[in-house]
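Visitor: Could you walk me through the salt bridges and the surface of this protein?
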Amino acid sequence: MLAVASNTFRETVRERVLYNLVFFAIVMTLSGLLLGQLSVRQDEKIIKDIGLASMDLFGTLIAIFVGVGLVSKEIDRRSLFPLLAKPVTRDEFLLGKFAGLVFTLAVNVGVMAAGLYLTLLATRRHLDLALLEAVYTILLGLALTISLALLFSVFTSAALASVCTVSVVVAGRFSDVVQHMHEAAPGAPSWLVQALYYALPNFHHLDLKDHVVYGDPVGLPALAALTAYTAVYLAVVLGVALAAFRSRELS
């Protein structure tokens, strides 16, 4: 599994995914210079908001559009068959792919976070360590997104898997709207609304960007609860993906 994860990381880097880091660094540097003319009370918050939002956006795009190709690409290139002929099980292959892309995005987000802190330092702003709380939950959300991309890629083509993953991720980011959907659609059964709310990944609760930027305390208990929720959801999604991949006919 570690060998598959390592190979996945190298392949992802060769696909030039990390070029977005250069773009991010340029955007953050320019933002720091341009926003330096704003009022002292607002420019630091804007820099933090842009930095965290960029990590989330770039990371989500990579997780979706690289994640859906992790399995289908290997099948299309016929490179999966000699790999499975070796002492590598399907479970090890899928979990290795998942771990490899998670590590890639962890490096990705880590460099982005360093770029954000360098921008704050260059513009003589406060180096707020609380930003790491938001960075951590961004990583949790990206792990969930990768697991969903892998799940859909096991069942269907890369194009359709991308559409399904984007749809679920967007719905999960508006889970609070889903929870109160009966107000907009009074005829919707309450049990159906609740079932949909709990079935969707709750990216809304994982989004701590506003809390951190505006100085609201988060605390270790809240982070531990979010970590536990992510672990349980990952176990369910990856469990379904593994079961489906074991039974899939490869041709």
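Guide: We can start with the salt bridges and then turn to the surface. This is a predicted model, in which local features need pLDDT of at least 70 and side-chain atom pairs count only at pLDDT 80 or more, while totals for chains, interfaces and linings use all residues. Residues are numbered from 1 along each chain as its sequence is written, and side-chain values use heavy atoms, with hydrogens and water left out.

Visitor: How many salt bridges are there?
Guide: The count comes to five, where a salt bridge is a side-chain nitrogen of Lys or Arg within 4 Å of a carboxyl oxygen of Asp or Glu.

Visitor: What does Asp-56 pair with?
Guide: Asp-56 meets Arg-173 in a salt bridge at 3.0 Å, N to O. Asp-56 lies in helix H3 and Arg-173 in helix H8, so the pair ties together parts 117 residues apart in sequence; helices here are DSSP runs, H or I, of at least four residues, numbered from the N terminus. The two also belong to a salt-bridge network with Asp-207 and Lys-209.

Visitor: Is Asp-56 buried or exposed?
Guide: Asp-56 counts as buried at 10% relative accessibility, whereas Arg-173 is partly exposed at 28%; buried means under 20% relative accessible area, exposed over 50%, and partly exposed in between, with a 1.4 Å probe and protein chains only.

Visitor: Switching topic, which residues make the nonpolar surface patch?
Guide: Leu-57, Leu-61, Phe-65, Val-166, Val-170, Phe-174 and Val-177 make this patch of about 630 Å². Patch residues have over 30% relative accessible area and no salt bridge, nonpolar side chains being joined within 5 Å. H3 gives the most, with three residues.

How values were computed:
Patch = residues over 30% accessible without salt bridge, like charges linked within 9 Å, V, L, I, M, F, W, Y side chains within 5 Å. Areas by Shrake-Rupley, 256 points an atom, 1.4 Å probe, with all protein chains shown as cover. Helix = DSSP H or I, 4+ residues; strand = E, 2+ residues; numbered from the N terminus.
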